[in-house]
Amino acid sequence: SEGLFGYDTMGSLLCRLNSEDMVGTPTTFTVSGTGVYVGTTAGTGSVIYAVSHCMPAADGAGQMLLAWRSPRAGTMPGTVTALVVDPREVDPVYVATSDGILQALSLDGALQWTFETEAPVRSTPVPDRRTGRIFFGNDAGMPYVLTMDGQEAFEIEQQHGAGSSIASTLVIVETRQRTDFGTQLVRNYYYGTESGAIYRIVTRQ
């Protein structure tokens, strides 16, 4: 059967959200303290659902309740490739798609902003816990770092890796660097491409 199911550590069914409550087939999801977020594929488009945590009952008859869907009607273009919740569990929920789009949704499902790139986004975006910036890359080999309002945080000089898809795990590392003026905080953004190379972006912003 189709739908979303919750199991305990022994593999016993605890609860479910039936397929009748959703449009499309679930393809990706993420879990946070605020709930469960599910992306489904429906025809040529996708839908995002926010669902409550599992509320178990006897004989696996527990429920997961539907909170909202985005868009409110119809579908969004492309396939959802990743769903990410800010680790601080504040707005937004990030949605990456095969149409090269990164969207930010509020925790009640309202669209906050949309950022368009020229190639599919298959890397899972990584939020920066300190700044709230979001780091991701696309199939054209282009990395992006956006602010929480969907603007590019700084210009990235793309000299290497262009044309080779970024589909690796992305990592943000915060370090301190000694200078003549004291210690500076440095952010290092790491990503890999299908060519087998690993790149680092360094910024003091």
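Which strand holds Tyr190? In this predicted model, Tyr190 belongs to strand β17, which covers residues 182-192. The description below starts with the whole protein and then returns to this residue.

The protein contains 18 strands and zero helices. Its C-alpha trace spans about 65 × 35 × 30 Å along the principal axes. Of the 205 residues, 44% are buried. Contacts were also sorted by sequence separation. Among those with a separation of 6 or more, 39% join residues 24 or more positions apart. The accessible surface amounts to about 10600 Å². Carbon and sulfur atoms contribute 48% of that surface. The protein carries 13 positive and 21 negative charges. The mean positions of these two sets lie 10 Å apart.

Aromatic pairing was examined next. The search of the whole structure returned eight aromatic pairs. One of them joins Phe115 and Phe136, with ring centres 6.3 Å apart. Their planes meet at 85°, so this pair is edge-to-face. The two residues come from distant parts of the chain. Phe115 sits in strand β12 (residues 111-116), and Phe136 sits in strand β14 (residues 134-137). They are 21 residues apart. A further pair involves Phe136 and Tyr144. Here the ring centres are 5.2 Å apart. The planes are at 20°, under the 30 degrees required, so the pair counts as stacked. Phe115, Phe136 and Tyr144 thus form one aromatic cluster.

The members of this cluster were also assessed for burial. Phe136 has a relative accessible area of 1% and is buried. Tyr144 is buried at 10%. Phe115, at 13%, is buried as well. Each value falls under the 20% cut-off for a buried residue.

Ser123 provides a link to Phe136. Ser123 lies in the loop between β12 and β13 (126-127). Its relative accessible area is 0%, so Ser123 is buried. A polar atom of the Ser123 side chain lies 2.9 Å from the backbone oxygen of Gly137. Beyond its neighbours within four places in sequence, Ser123 is in contact with Phe136 and Gly137. Its other contacts are Ala82, Ile166, Ala167, Ser168 and Leu170.

Thr28 was considered next. Thr28 is placed in strand β3, residues 25-32. Its relative accessibility is 17%, so Thr28 counts as buried. With neighbours within four places in sequence set aside, Thr28 is in contact with Tyr37, Val38 and Gly39. Thr28 also contacts Val80, Thr81, Ala82 and Leu83. Ala82 appears again in the contact list of Ser123.

Tyr190 completes the set. Where Thr28 is buried, Tyr190 is partly exposed, with a relative accessible area of 30%. Residues up to four places away in sequence are not counted in its contacts. Tyr190 touches Phe135, Thr169, Leu170, Val171 and Val173. Tyr199 and Arg200 are also touched by Tyr190. Leu170 is likewise in contact with Ser123. Tyr190 and Thr28 are 162 residues apart in sequence. In space, their C-alpha atoms are 24 Å apart.

Methods: Residues numbered from 1 in each chain as written. Predicted model: local features only at pLDDT ≥ 70, side-chain atom pairs only at ≥ 80, totals over all residues. Heavy atoms only, no water. Helix = DSSP H or I, 4+ residues; strand = E, 2+ residues; numbered from the N terminus. Buried < 20%, exposed > 50% of the residue type's maximum accessible area, 1.4 Å probe, protein only. Contact = heavy atoms within 4.5 Å. Areas by Shrake-Rupley, 256 points an atom, 1.4 Å probe, with all protein chains shown as cover. Lys, Arg positive; Asp, Glu negative; His and termini not counted. Charge placed at Lys NZ, Arg CZ, Asp CG, Glu CD. Phe/Tyr/Trp six-rings, centres within 6.5 Å; stacked < 30°, edge-to-face > 60°. Polar contact = N/O pair within 3.5 Å; in protein donor to acceptor, adjacent residues only side chain to side chain.
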